[in-house]
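Here's a quick briefing to read alongside the model. Have the viewer open and click along as you go.

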Amino acid sequence: MTKKGKPGGPSGPDGGRRQLKVKVKTARKRSVSSARWLERQLNDPYVKAAKDEGMRSRAAYKLKEIDDKYRLLKPGMRVVDLGAAPGGWSQIAAEKVGAVSGEGQVIGIDYLDVEPLPGVTLLKLDFTDETAEAQLKALLRGGGADLVLSDMAAPTVGHTRTDHLRIMALAEAAAHFAVDVLAPGGAFLCKVFQGGTERDLLDLLKQSFSVVRHVKPPASRSDSAELYVLATGFKGRRQDGISSE
Ligand SMILES: C[S@@+](CC[C@H](N)C(=O)[O-])C[C@H]1O[C@@H](n2cnc3c(N)ncnc32)[C@H](O)[C@@H]1O
């Protein structure tokens, strides 16, 4: 590993102030792509912030930034976090809704283990399991939620079309669950893929929510195809023919 100054470094326009950047060399057992990944991690301010602030994930800052802008999380809310591991979004949600004091409620689900988080109820289960939605509902106070979050992503296979289809299938399942479980006025935030949300999914959301928009928080890497769809102002079920079926 070597260190170098950023462009315009020692003799540059910033008057010699150096910002050290970690550079990773490929070792015999490290491929170019893994060296590149490691270098990006080591120089990523969000990775550093997550470490310094005790956040479970870099992804936590995506929810934080979206919430800073759209004010989704409020004290007392019931939140479901789909694809919760390692727990960053649940952590942010629990803090904002007051889940530790029991004021609000956060339920996270993932097929991977999530280390226990104060105030968060965790379900280790595949969301596409046929019992998952009923189990989540049974855990929710009053059976309903005020906010459904989904950062679910299946492991990518590197084939763009396949990866897109898999992530959109998860987004669609999450949206149907949201329409089924949200209380009127509730909101849904879900990871999708660049190129936007599929027509059917967008139609369901537009029919069921007052406002539907795509958001890309600064913490979401600009070179990533990741995007979020944010639907707010849930209109309620079976009203004007709205149904998730
Ligand atoms: C990007 S990570 C979520 C990061 C999380 N928001 C955080 O801040 O820590 C995506 C997660 O979705 C989970 N996931 C993908 N498909 C799932 C499924 N069918 N059921 C449950 N979890 C799933 C993965 O296991 C993974 O942990």
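How many of the 10 residues of helix H4 (residues 88–97) are buried? The count is 9 of 10, so H4 is mostly covered, taking 20 or more other C-beta atoms within 10 Å as the cut-off for buried. Keep in mind that this is a predicted model. The chain has 245 residues, and buried ones make up 33% of them. It is built with 7 helices and 9 strands.

**Helix H4 and what covers it**

- The buried residues of H4 are Gly88, Trp89, Ser90, Gln91, Ile92, Ala93, Ala94, Lys96 and Val97.
- The cover over those buried residues includes one helix, H3 (60–70), along with strands E3 (78–82), E4 (105–110), E5 (120–124) and E6 (145–150).
- Ahead of H4, the loop between E3 and H4 holds Pro86, and a cis peptide bond links Ala85 to Pro86, with omega about 0 degrees.
- After H4 comes Gly98, which has a positive phi, near 75 degrees.

**Around the ligand**

- There are 23 residues around the ligand, and the ones that come nearest are Ser57, Ala59, Gly83, Gly88 and Asp151.
- Gly88 also turns up among the buried residues of H4.
- H4 and E4 each put at least two residues into the shell around the ligand.
- By residue type, that shell splits into 14 nonpolar, 5 polar and 4 charged.

**The nonpolar core and helix H6**

- As background, nonpolar side chains in soluble globular proteins tend to be buried together.
- Here the largest nonpolar core has 59 residues, and Val148, Ala174 and Ala175 have the most contacts inside it.
- Helix H6 (residues 160–181) gives this core its largest share, 9 residues.
- Which residues does Ala174 contact, once neighbours within four places in sequence are set aside? They are Leu82, Val148, Ser150, Met152 and Cys190.
- Val181 lies in H6 too, and it counts as buried because it has 23 C-beta neighbours inside 10 Å.
- Setting aside neighbours within four places in sequence, Val181 is in contact with Lys137, Gly144, Ala145 and Val148.
- Val181 and Leu147 sit 34 residues apart in sequence, yet their C-alpha atoms are 9.3 Å apart in space.

**Strand E7 and its partners**

- Strand E7 (residues 182–193) is mostly covered, with 9 of its 12 residues buried.
- E6 and E7 run parallel and are joined by 5 bridges. The chain gets from E6 to E7 by way of H6, and this β-α-β crossover is right-handed.
- Within E7, Phe188 stands opposite Val148, and Val148 is one of the residues with the most contacts inside the core.
- Does strand E9 (residues 226–234) run parallel or antiparallel to E7? The two are antiparallel, with 6 bridges joining them.
- One pairing to click on is Lys191, whose bridge partner in E9 is Tyr228.

**Loop residues to look at**

- Arg71 is in the loop between H3 and E3. Its phi is positive, about 50 degrees, although Arg71 is not a glycine.
- Why does Arg71 count as exposed? It has 10 C-beta neighbours inside 10 Å, and the cut-off for exposed is 12 or fewer.
- Val100 is in the loop between H4 and E4. With 14 other C-beta atoms within 10 Å, Val100 is partly exposed.
- Not counting residues up to four places away in sequence, Val100 touches Ala94, Pro118 and Gly119.
- Val100 and Gly119 are 19 residues apart along the chain, while their C-alpha atoms are separated by 4.1 Å.

**Contacts across the chain**

- Take the contacts between residues at least 6 apart in sequence: 59% of them join residues at least 24 apart.

Notes. Residues are numbered from 1 along each chain as its sequence is written. This is a predicted model: local features need pLDDT of at least 70, side-chain atom pairs count only at pLDDT 80 or more; totals for chains, interfaces and linings use all residues. Helices (H or I, at least four residues) and strands (E, at least two) are DSSP runs, numbered from the N terminus. Two residues are in contact if their C-beta atoms, placed from the backbone, lie within 7 Å. A residue is near a molecule or strand if its C-beta atom, placed from the backbone, lies within 6 Å of it. Ala, Val, Leu, Ile, Met, Phe, Trp, Tyr, Cys and Pro count as nonpolar, Asp, Glu, Lys and Arg as charged, and the others, Gly among them, as polar. A nonpolar core is a set of buried Ala, Val, Leu, Ile, Met, Phe, Trp, Tyr and Cys residues joined through C-beta atoms within 7 Å. Two strands pair if DSSP finds at least two bridges between them. A crossover is right-handed if, with the strands pointing away from the viewer, the path from the first strand over the helix to the second runs clockwise.
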